[in-house]
Amino acid sequence: FLEILQLAAAVGHLLHIVQQSCSTATYTANNNNNKMVSDNTKIGTGLMFLGFTFLFLGILFLFDSTLLALGDILFLTGLTLTIGTSRTLRFFTRKDRIRGIVAFFGGVTLVLCRWPVVGMILQVYGLIYLFGQFFPIAAASLKDVPVVGSVFRHPSVEGFFSSFGRVAAGDRRAPV
């Protein structure tokens, strides 16, 4: 547990240094439209990718709790940098999703306390509960992708993804 805390402190210190050095916004061209993408968003996206990579490696190496804990920390830090602190706090304090929030952060806590299998099961349940409304939106946009689009247009796959996030009829919106 001590090595996880030391690793988290080192990652936090590194993120603080990177955030101070990258405080200006840059412009990128996207479909002939100029869109402003801040450096925090770019760094956050990279940290989320690293977080998913460490989570994948942690599962691959038979639920290595150190890799899973580092993946959780990087994912949460990347999410905060990508969408902003206020939107992250607003998302994780919604009363209608309290079951998913408690499950997700309970899973993170269990992974940090070296109970990786139970912690990951709780995290997956929490993520499905929190982001369930996003899965049909992502599946609908993947129908237009050339190679995998035919898979997502299959009736059984469409039915599977449409079952996620049913809150009320016609109430589909992105969770963030």
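The lining of the largest pocket divides by class into 13 nonpolar residues, one polar and one charged. The model in the viewer is a predicted one, and this pocket is the first stop.

**Stop 1: the pocket**

Select F52, L55, F75, F104 and L127. Of the 15 residues that line the largest pocket, these five lie nearest its centre. The volume of the pocket is about 300 Å³. Next, colour the helices α2 (39-60), α3 (65-83) and α6, the elements that each give two or more residues to the lining. Which of them gives the largest share? That is α6, with six residues.

**Stop 2: α2 against α3**

Keep α2 and α3 and hide the rest. Their axes come within 7 Å and cross at roughly 160 degrees. Angles over 145 degrees count as roughly antiparallel, which makes α2 roughly antiparallel to α3. In passing α3, α2 makes a left-handed crossing. The residues in contact between α2 and α3 comprise 16 nonpolar, ten polar and one charged.

**Stop 3: α3 against α5**

Leave α3 on screen and replace α2 with α5, residues 98-112. Here the axes come within 9 Å, at a crossing of roughly 140 degrees. α3 and α5 are therefore oblique to each other. This crossing of α3 and α5 is left-handed.

To see the contact, select S65, L68, A69, D72, F75 and L76 on the α3 side. They meet F104, F105, V108, V111 and L112 in α5. By class, the contact of α3 with α5 has nine nonpolar residues, one polar and one charged. F75 and F104 take part in this contact, and both were among the residues nearest the centre of the pocket at the first stop.

**Stop 4: α5 against α6**

Now drop α3 and bring in α6, residues 116-131. α5 and α6 pack with their axes 7 Å apart, at an angle of about 155 degrees. That makes α5 roughly antiparallel to α6. What is the hand of the crossing where α5 passes α6? It is left-handed.

For the α5 side of the contact, select R99, G100, I101, A103, F104, G106, G107, V108, L110 and V111. For the α6 side, add P116, V118, G119, M120, L122, Q123, Y125, G126, L127, Y129 and L130. The residues of this contact of α5 with α6 divide into 14 nonpolar, six polar and one charged.

**Back to the pocket**

Finish with F104 and L127 alone. F104 belongs to the α5 side of the last contact and L127 to the α6 side. F104 also meets residues of α3. Both F104 and L127 are among the residues nearest the centre of the largest pocket.

Definitions and conventions
Residues numbered from 1 in each chain as written. Predicted model: local features only at pLDDT ≥ 70, side-chain atom pairs only at ≥ 80, totals over all residues. Heavy atoms only, no water. Axes fitted to C-alpha atoms, helices over the stretch in contact; angles between N-to-C directions. Helix = DSSP H or I, 4+ residues; strand = E, 2+ residues; numbered from the N terminus. Parallel < 35°, antiparallel > 145°, perpendicular 65-115°, else oblique. Left-handed = near helix turned anticlockwise from the far one by under 90°. Contact = heavy atoms within 4.5 Å. Nonpolar A, V, L, I, M, F, W, Y, C, P; charged D, E, K, R; others polar. 1 Å grid on protein atoms, 1.4 Å probe; cavity = no way out; pocket = protein on both sides within 12 Å on 5 of 7 lines; lining within 4 Å. Points joined across faces, edges and corners; volume = space filled by probe spheres on them.
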